[in-house]
Amino acid sequence: MTSLFTDINQEIVSGIALGSIYALIALGFTLIYKATEVVNFAQGEVMMVGAYVNFFFVTQFSGMAGGLNGWVFTAALLGSIIFALLFGIILDYIINRPLKDEPVFSIIMATISLAIILRSLTAMIAGPISLVPVSPFGNNTIKAGGVVISVLDLAIIICAFILMALFFFFFNKTRWGIAMKATSADAEAAQLMGIPVKKVYRYVWMFATLVGVISGVLLAPRMALLDTTMAYLGLKAFPAAILGGFGSIPGAIIGGILMGVIETVSMGTLSFHFNWVKEINDIIVWIVLIVVLMIRPDGLFGIAKVKRV
Amino acid sequence: MKRTVSIIIITALIWMGCENRTTSPGVTDTEILVGNIQDLSGPIKELGLLIPAGTNMYLDYINAQGGVHGRQVKMVVEDHGYNPMKAVVAAKKLIEKDQVFCLYNVIGTSPAEAIRPILEESGVPLIAPATNSSSMSDMSRQAAKYIFHTDAGYDLQTRVLIDYILENNPEAKIGIAYQDDDYGANALKGCAEAEANHGISVQKESFQRGATDFVGQTMNFMKGGCTDVIIGGVVREPVTIMKTAQAIGYSAAFYGLGPTVDPRVGLLAGEAGEGFIAVYWAYYPDSDEPGPVLYQELCEKNNVPAKMRGLYHYYGFATAHVLVEGLRKAGKYPTRKRMMKGLETLHNWESGVFPPMTYNRNDHAGVESVIILQLQGGKQVAITDWRN
Amino acid sequence: MKGRYDDENLKWIPILIIAVYLSPFLLKSATFSYKYYLYILNMAGIYMILTVGLDLLSGFTGLMSLGHAAFLAIGAYTSAILVDQAGLPFELSLIITPVIVGLCGLMIGFPALRIEGMYLGLTTMGFGFIVKRLIIAFRDWTGGSAGLQVSKATLFGFTISNDWNNYFMIYTFAIIAIIVARRIVKSKLGRVFMAIRDSEQAAQASGINIAKYKMLSFFISGMFAGFAGVLFAHTNHFISTDHFDILLSVYFIVMVLVGGVGSIYGAVLGTLFIVLMENMFIPLFKDTLTQYMHLEAGDFQAFIFGLIMLLFIIFQPMGLYGMWLKMRIYWKLFPFNPRKRFT
Amino acid sequence: MLKMIGVETFYGKIKALHGVSLEVLEGQLVCILGANGAGKSTILKTITGLVEPEYGTIHFNGQRIDRMDAEDIIKLGIGHVPEWRRIFAELTVKENLQMGGFLLKEKDLIHERMVEAFHHFPILEKRKDQQAGKMSGGEQQMLAISRALMLKPKLLLLDEPSLGLSPLLVQDIFATIKELHKAGTTILLVEQNVNHALKIADYGYVLTTGKIFLSGTYEELLDEEKVREQYLGEGKYNRRAKVWSG
């Protein structure tokens, strides 16, 4: 048994890094779902747009500064964040507002068409040739306790946890956070409390695009090449979000990390020892998900919604 | 009696003469129309831009010289988004609606496979399908006689690499990371052949198209004690695997199949990629063979941006040679049949871009040998001659 | 209880059926590239069978499925294996394959008893990935990722070999499928499905065995998809996992939605609309626009498609069929239409 | 204080209100009676801006409010306790009350009002950290009313507060309403429980299928044969039924 688990530490650490990316995307899904009950299929695309925009800013600013340095990356990050907030407002206006009273079915389709639009628009503007993003952390790695982790991965993990903590605090302790929860529970009643529901929706979309853009900025250098296929990672974050229980912020993070670890370990140790695992490597997360859902239909951390007859 | 015979002979001559002057659809007095189906909106749309751009560069060059038998060669590009269903629609459109003379360079294995029934039905030849699957030149398959393959199969490439590794180090433990689709399946086929030839066993690790993380696979190669690892990816895979190996302190020699011969591999992998060995089935764009020299010249002349030059742009340029040769062989009054017959007469044909090519009735595999290149100081350098 | 829309009074259905059979002749006389148009229509016909079944599941029973491409794939591969490898006649495969796919539908229907709404949609999406993977894993039968050549359909000794013959076969089956679906919707079963969609609790309270009917809905929907799969395999002659992308499942839902959820004719209209738009109208449009604007054609096409879909969902949430019904009411009431009621 | 003139509201194609006019004076307790689906709740929703009227005007304290957003109307001092209470089931009792006071910027004020609410309904204090959805119907109703009172509205709209409650609880709720009224809140009450409602109301409107059918004070309405017949179970049909049964 011990031979089975040699070197598994490294895989778990790398899995956590990979999972943190899923977690960040899942967090984007969760934020929107929590307040508006909309599953945003375009979250992966939002991330991709973020990566492209950040790339654009980095090239522009480094051209102005005459080279790459810390300030360039900081300025580009700030630029991307401002873009994300504006982008969130735009998405709220074109997706959320017109479809507020439509059935979920239509809204899902709207986000899917948004995904198609964003992907093609990005490719039309940026051209189909892959870009080579630069990481502010270079190729530096850290070695500790027999495991190696790149600084970039560490940044992703830290960022995922900071954002989770921030949003968890926000939703449970602040006035606006609770108002968002209230709006998700019953938008009409929330209106009667004087909660500006439209503003709530707008903020939520802004948060979600912010998370999406930040994850895109972090993920791009990890992908080696930046192209529009990056958006497909959004599909891989779905099982993570559901596993954690859609609408639960810690759930999204833990679900994401769990999925990352499962994927890495199954590709590594498990398929090294059991050859047949190779056949199911790319669907193992979905198998895990379906099994979990059979036992807990609302995911690991989801709360069963109170149904109104 | 004599009269009847002479009448028959005369009518036969007239008939033959007429036949000689009839041409297939897609040919006018001034133009030949060729159809190309590329991925312009799917996962490999980068190629969909670069390959036709390279092709057009060569066609413009030919057209500027007066074209083929006085006709300008024009190319229509359709999109399939890497979906075989759409490839069929596009092929039908090109053949039925745009009335192209022949199809050329349909990209992807499943899209190219999917249009086999159409080739069979319409008798339209497909020149140089852009896929390294050896099933394309398998003469027992449907419509095989209409398909003229150029690319060396991934199975051949894998086999040659394994042969090369074992030549230099008979004790080598080889591992292969393969993409979990037809690309990988083809590589595994070559791998199995080599395993049988040498009586070795190769450690196989799979990854998915679009994967970003290769820690598990790299760890497995380390655990399996592989000294030489073949990577069947495109750009991201070899770069990430080599970087990961460097980070976790695993040192092995890394090799790559055709698509990894991309200048960006050297650029991205940095020092981790030094010494990376890959196979290629044409003269490399940097070499001083006539084809690559012409390529460099035309690129300079047309101001092709640096980010476009490279593997795929050159690939479009290279396969266009075969197309143009086919059109030349089809004669002054080209028909599809004459084109196919003409191509089948090629014997050790020196195109300048590919190694000597041979087509005949029982062999539609164009390039059957590959060259091994090594990344030295960020540049690809040929370290062997043509091998197969 | 009635469907979302009142679809009585469609006496022109027989005329429409005759038009369906006449249109290839019209096409042939109108254009010499009729085979290309016929192929697109054939594709629409096959998808129609599937979307009608999907509408029974998603539109009438309210169970979201993002995995219908997987059902199509199972149907196509099962039939290819049965006919080409087991040597069964095509006619028999037409009966057996839908049943097998229906049983697969039951398998995915089983989680549906506990999972609902969004979760169900995403779970069925996972099912799509799993099926694709399994097809590759059973490479001895399915040809793995290289794809599989499929023989031509032989119906009662008559080989259906080209687009022309395919058209008549596909549309005959499509018309049968639509009629069957209509019968289901109008029967007690259809009313039970709608009751489950409208309120599960209320349906349960009136003594409906929810589990049984949900499973049944998946079974029926799977059968339709399996039927479409058989036709798909034997008219395309080549199938591979690339055919059955996750995006295809999404397109199926889009077809149902654009047509109008919860109406059989809506699904038919929506399918026709999307297939024609994507494969004919947008390419036509694209050709002229890219000539003047020098845009990357592929992305531009996808962009237009996405835009049309989004505008449709925002401005016509009732779908094409709803639009048609509104227009009909409008003309019926013509001079007396109240302000703003038809926006 | 509140004045509706000729208000017509649509739900999609269906006309729910056919020109409703009514008036609530300062300090009054006005009651709207009517059967299911008569449009009572629609009147309240139209007032608070949840649905926008197509025609007609609504004035509150001299200000026209029929084109305003819900949150702005609430800010003017109208509280609305919706039908079926509609408390935020997933939030705790405390958070529910906090949401009721969303428009109050000062934390102390929210706290003060919360203490006041707990004083009114001691049971809520006991359950303040419990999920609101897990409480009984009566407790939820108390929560819903206290939630609406967090802003100290000048006009309180109550939508069927007795719905789904036991008779004993109904008594309690009406006692509370009476108390509130006495304390000076103007109330517009929608009820099906006619007996209770008319007893505490100053003025009543009877609604049938979206139209005001009758209006008057308690006594005037009681005099109307039709009202008694339809809502109080004293009509000639009942009398006839009595003849038949005994």
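Between domain 1 of chain B and domain 2 of chain B, eight residue pairs are in polar contact, both residues at pLDDT 80 or more (a polar contact being a pair of N or O atoms within 3.5 Å; within protein, one must be able to donate a hydrogen and the other to accept it, and residues adjacent in sequence count only if both atoms are side-chain atoms). On the domain 1 side, helix 12 (residues 311-329) of chain B gives the largest share of the touching residues, namely three; helices here are DSSP runs of H or I, at least four residues long, numbered from the N terminus.

This is a predicted model, so to speak of local features takes pLDDT of at least 70 and side-chain atom pairs count only at pLDDT 80 or more, while totals for chains, interfaces and linings use all residues. Residues are numbered from 1 along each chain as its sequence is written, chains are lettered from A and ligands numbered from 1 in the order written, and side-chain values use heavy atoms, with hydrogens and water left out.

As for the domains themselves, an automatic or database assignment splits chain B into domain 1 (12-152 + 288-344) and domain 2 (154-280). Their centres, over C-alpha atoms, sit 32 Å apart. Eleven residues from domain 1 and 16 from domain 2 make the contact (heavy atoms within 4.5 Å).

The two domains bury about 1,100 Å² between them, 45% of it on carbon and sulfur atoms; that is accessible area (1.4 Å probe) lost on being put together, summed over both parts. Asn132(B), Ser134(B) and Leu311(B) supply 42% of what domain 1 buries here, more than any other three residues.

Methods
Helix = DSSP H or I, 4+ residues; strand = E, 2+ residues; numbered from the N terminus.
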